[in-house]
Amino acid sequence: MTVDLSVSWLGMTMPNPLYNASGVMCRSVEELERVRLSAAGAVITKSCTLDPREGNPEPRYASTPLGSINSMGLPNAGYRYYFDYARRYPHHAGKPLFLSLSGLSLEDNLTMLEALAVEQLPCLPEINLSCPNVPGKPQLAYDFAATAIALAEISRAWHGPFGVKLPPYFDPVHFVEMAHVLGGYAGLRFITCINSIGNGLVIDVERESTVIRPKQGLGGLGGDYVLPTALANVREFARLLPEKHVIGCGGIRSGKEAFMHILAGATAVQVGTCLHEEGEGAFERILGELTDIMRAKGYHRLEDFRGRLKVC
Ligand code: RRO
């Protein structure tokens, strides 16, 4: 039985729904090329700022039995570096390029979007409204009024399609309130759910210590910890905003979790912690597992089950 994993959305076709989560394997050209040359269906860059940043002091990433904790602090080579990569990227080879933007202020995001508009580079901005790890900078998308202002300004500066990376929400009132904000901007075509669960604390009992140094040990959680929260955010935003695409991110480490995200309504899915731990071979493995699940269930295409989650 043939299984077709391709995804057509926003006028483009990806060979499959899997790509890297911004932050993992995407800070340097060498890493981005590893993703591009892998089995992944698209590539996204590390969230960038106007100027290059070193990020927070080490240790700033730790692997844990249930996933990961990080407080990288937005280390990146500055937006010009990623725009330069985008200029040289083989856009017509079938793997879309997403540019993750995370300006330290709204003005910085507008500056980067205006520069992108001037160049007319054929890539899709994913604007990160949810970095939990820059000391003194709260996650914007937990402030609904500030998010509405930012989206209004962004829509004035950028006339193409764009997406936002959201933090996890934990209350039905917040899903509805944020969906109401997001629904007001036609250019906002996709929503990536979720960023890491911010400001967790992992403790090493033997050393009686935190496992990362920045922010007194607080950092964003990824991996198995976050799967149910990610699925809830994907399902709720897909339900509340049927005219937009939801990109699932959080806890995908096999074909099974990729299947769950798509069943919950995700158009495509990103892999973070697992990619960091396993390397780019994870894409081929997860795609093989997803294909096996679909074949066993008699599904030919992702549309056969996307968003069809039943309530028991
Ligand atoms: O660089 C980071 O510390 C970071 C970012 Br920008 C983000 O959006 N999410 C995350 O877990 N870490």
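These legends accompany close-up views of a predicted model.

**View 1. An open sheet of eight strands pairs in parallel.** The strand order is E3-E16-E15-E10-E9-E8-E7-E4. Strand E3 (18-20) and strand E4 (43-44) form the edges. Each of these two pairs on one side only. E3 runs parallel to strand E16 (residues 268-271), and three bridges join them. Tyr19 has Gln270 as its bridge partner in E16.

**View 2. Strand E8 (residues 124-128) is largely enclosed by the rest of the structure, because five of its five residues are buried.** Both of its faces are covered. Leu124, Glu126 and Asn128 lie on one side. Pro125 and Ile127 lie on the other. E8 pairs with E7 in the parallel sense, over four bridges. Within this pairing, Leu101 stands opposite Ile127.

**View 3. Ser102 sits in the loop between strand E7 (97-101) and helix H3 (106-119).** Is Ser102 buried or exposed? Its relative accessible area is 4%, so Ser102 counts as buried. Leaving aside residues up to four places away in sequence, Ser102 touches Ser47, Cys48, Thr49 and Leu74. Its contacts also include Asn109, Met112, Asn128 and Cys131. One of these, Asn128, belongs to the face of E8 that also holds Leu124 and Glu126.

**View 4. The largest nonpolar core has 95 residues.** Phe98, Val164, Leu166, Met178, Leu182 and Phe237 have the most contacts inside this core. Helix H9 (residues 281-297) supplies the largest share, six residues. In soluble globular proteins, nonpolar side chains tend to be buried together. What does Leu182 touch, not counting residues up to four places away in sequence? Its partners include Val164, Leu166 and Phe237. Leu151, Leu188, Ile191, Leu241 and Lys244 are also in contact with Leu182.

**View 5. Asp84 and Arg88 form a salt bridge within helix H2 (residues 79-88).** The closest N and O atoms are 3.2 Å apart. The two residues are four apart in sequence, about one turn of the helix. Asp84 is partly exposed, at 31% relative accessible area. Arg88 counts as exposed, at 56%. The pair belongs to a network of salt bridges that links Asp84, Arg87, Arg88 and Glu119. In the whole structure, a search finds 15 salt bridges.

**View 6. A salt bridge joins Arg60 to Glu58.** The closest N and O atoms lie 3.6 Å apart. Which of the opposite words, buried or exposed, fits Arg60? Arg60 is buried, with a relative accessible area of 7%. Glu58 is exposed, with a relative accessible area of 54%.

**View 7. Leu201, Ile203 and Val205 form a nonpolar patch on the surface.** Together they have about 320 Å² of accessible area. Ile203 is found in strand E12 (residues 203-204). With a relative accessible area of 55%, Ile203 is exposed.

**View 8. The side chains of Arg207 and Asp204 meet in a salt bridge.** The N to O distance is 3.0 Å. Arg207 is exposed, with a relative accessible area of 53%. Asp204 counts as partly exposed, at 22% relative accessibility.

Key:
Residues numbered from 1 in each chain as written. Predicted model: local features only at pLDDT ≥ 70, side-chain atom pairs only at ≥ 80, totals over all residues. Heavy atoms only, no water. Patch = residues over 30% accessible without salt bridge, like charges linked within 9 Å, V, L, I, M, F, W, Y side chains within 5 Å. Areas by Shrake-Rupley, 256 points an atom, 1.4 Å probe, with all protein chains shown as cover. Salt bridge = Lys/Arg side-chain N within 4 Å of Asp/Glu carboxyl O. Buried < 20%, exposed > 50% of the residue type's maximum accessible area, 1.4 Å probe, protein only. Core = buried A, V, L, I, M, F, W, Y, C linked by side-chain atoms within 4.5 Å. Contact = heavy atoms within 4.5 Å. Pairing = 2+ DSSP bridges.
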